[in-house]
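Welcome to a short guided tour, with a few selections to make along the way. Please open the model in your viewer and keep the selection tool at hand.

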Amino acid sequence: LMDKRAGQPNGVYREAGDWTYFDAPVDPARAFKADVLESIATQPGIWFPQLQVASGHGPAGAGLEDLLKDLRPEGIVLVDDQRANFQSPTGAQVLRYCKVARYDAVYRDFGLLKDMGGIGAHDDADFETLRNFIEEPWVFKESREIRCCETAFEGSEEHHPVKLVVFDFDETLTLATFMPKDPACAKALAGWAPEEAAAKAEAEAAEDRGEWTTADLVAYNFESPFVEGSRLDLLRASLERLSSSSTTTTMPPEAADVSCRRVLAVLTRNESGAVAVLNLLRLAGLDCFFTAIWSMPTGGKKGAKQGDGAAAGGVWRDPAAGS
């Protein structure tokens with residue numbers, strides 16, 4: 001189920017550089033990712049509060065309204081490590097998706113970890129594969145590492161472009177997710193860092209909590225020991241290209257968009273919620289690429305923290321609180 005913690009919103013959005021809370025319109029009867037994306041395709045305005053603000057701007061200075069104009073189900077790509085998220089018991093289906101590989105591995109000093117993931121965790125080619133698929137999904141049926149697929153659907157021969165790319169967080173943007181123990185990480189919309197949290201407590205107490213440093217959180221969540229170089233640098237470059245690339249494609253001239261800008265968002269089941277996910281992305285320098293974050297708790301576990309958000313021009317705001 002998708003539900004929100006009592007008294008807490010289940011989303012955040014970015015506008016003019018700041019992030020703000022908002023309540024995403026989740027239907028408890030259709031609480032699956034495929035259902036959420038179907039709703040976004042038909043009513044993007046209720047999922048991106050920036051569209052309700054005349055001055056809202058999307059990534060790369062382009063108007064968000066223009067980027068999401070005439071959004072269709074096939075105009076959305078879901079990047080996820082769970083195959084079950086590509087369809088719903090209600091019959092909803094994700095038409096274009098990328099399945100991130102899962103694997104078991106000995107990870108740093110944690111020993112054997114099961115069901116790890118992460119785009120580019122084992123092969124840098126993942127980033128190029130993802131970009132190629134998003135630019136021309138109609139030429140993809142399968143790929144080797146990150147498996148990208150366009151399913152058969154009515155009108156697929158018209159080659160409608162991808163306008164919205166939705167990423168899972170755990171084991172997709174991260175290899176494995178390590179959340180700090182400090183509860184402020186899931187509440188501090190204006191930003192959070194472990195060093196700031198430690199400064200507010202005695203050094204001994206902070207040490208007893210076993211808190212992470214910023215370098216720890218960035219390395220363990222986003223960097224891969226299985227490839228040479230920095231996976232995080234490649235991930236940043238990939239997100240930047242996906243959101244603002246200009247390319248020549250094989251789509252018909254009437255369907256082609258010269259600017260080829262796209263909106264990026266996160267749809268997650270991380271129990272710590274949207275704000276905690278935002279703060280990890282912020283520590284890694286990735287939050288600037290996303291326009292909204294929507295959270296879905298795993299089975300409604302007691303005590304799970306949740307939150308949603310969206311961004312316009314870089315500021316994350318709460319529509320319920322007004323602009």
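**Stop one: a pocket**

The lining of the second largest pocket has three nonpolar, six polar and seven charged residues. Bear in mind, as you look around, that this is a predicted model. To find the pocket, select K33, Q82, N85, D168 and R269, which lie nearest its centre among the 16 residues that line it. The volume of this second largest pocket is about 210 Å³.

**Stop two: a pair of rings**

Next, colour the aromatic side chains: searching the whole structure turns up 16 aromatic pairs. Select F169 and F222, one of those pairs. How far apart are the centres of the two rings, and at what angle do their planes lie? The centres of F169 and F222 are 6.4 Å apart and the planes are at 70°, so this pair is edge-to-face. Now trace the chain between them: F169 sits in the loop between β8 (164–167) and α5 (194–199), while F222 belongs to helix α7, 53 residues apart, and the pair thus links distant parts of the chain.

**Stop three: from F222 to a helix crossing**

Stay with helix α7 by selecting residues 214–222, then add helix α9, residues 274–283. Their axes come within 9 Å and cross at roughly 100°, and α7 and α9 are therefore roughly perpendicular to each other. To see the contact itself, show T214, L217, V218, N221 and F222 on the α7 side, with L280, L281 and L283 on the α9 side. Colouring by class, you will find six nonpolar and two polar residues in the contact of α7 with α9, and no charged ones.

**Stop four: two helices side by side**

For the last selection, take helix α4 (residues 125–135) and helix α8 (residues 231–244). Here the axes are 10 Å apart and the packing angle is about 10°, which makes α4 roughly parallel to α8. Show F127, E128, L130, R131 and I134 of α4, and turn to α8 for R231, L234, L235, S238, R241 and L242: these residues make the contact. By class, the contact of α4 with α8 holds six nonpolar residues, one polar and four charged.

Terms used. Residues numbered from 1 in each chain as written. Predicted model: local features only at pLDDT ≥ 70, side-chain atom pairs only at ≥ 80, totals over all residues. Heavy atoms only, no water. Axes fitted to C-alpha atoms, helices over the stretch in contact; angles between N-to-C directions. Helix = DSSP H or I, 4+ residues; strand = E, 2+ residues; numbered from the N terminus. Parallel < 35°, antiparallel > 145°, perpendicular 65-115°, else oblique. Contact = heavy atoms within 4.5 Å. Nonpolar A, V, L, I, M, F, W, Y, C, P; charged D, E, K, R; others polar. 1 Å grid on protein atoms, 1.4 Å probe; cavity = no way out; pocket = protein on both sides within 12 Å on 5 of 7 lines; lining within 4 Å. Points joined across faces, edges and corners; volume = space filled by probe spheres on them. Phe/Tyr/Trp six-rings, centres within 6.5 Å; stacked < 30°, edge-to-face > 60°.
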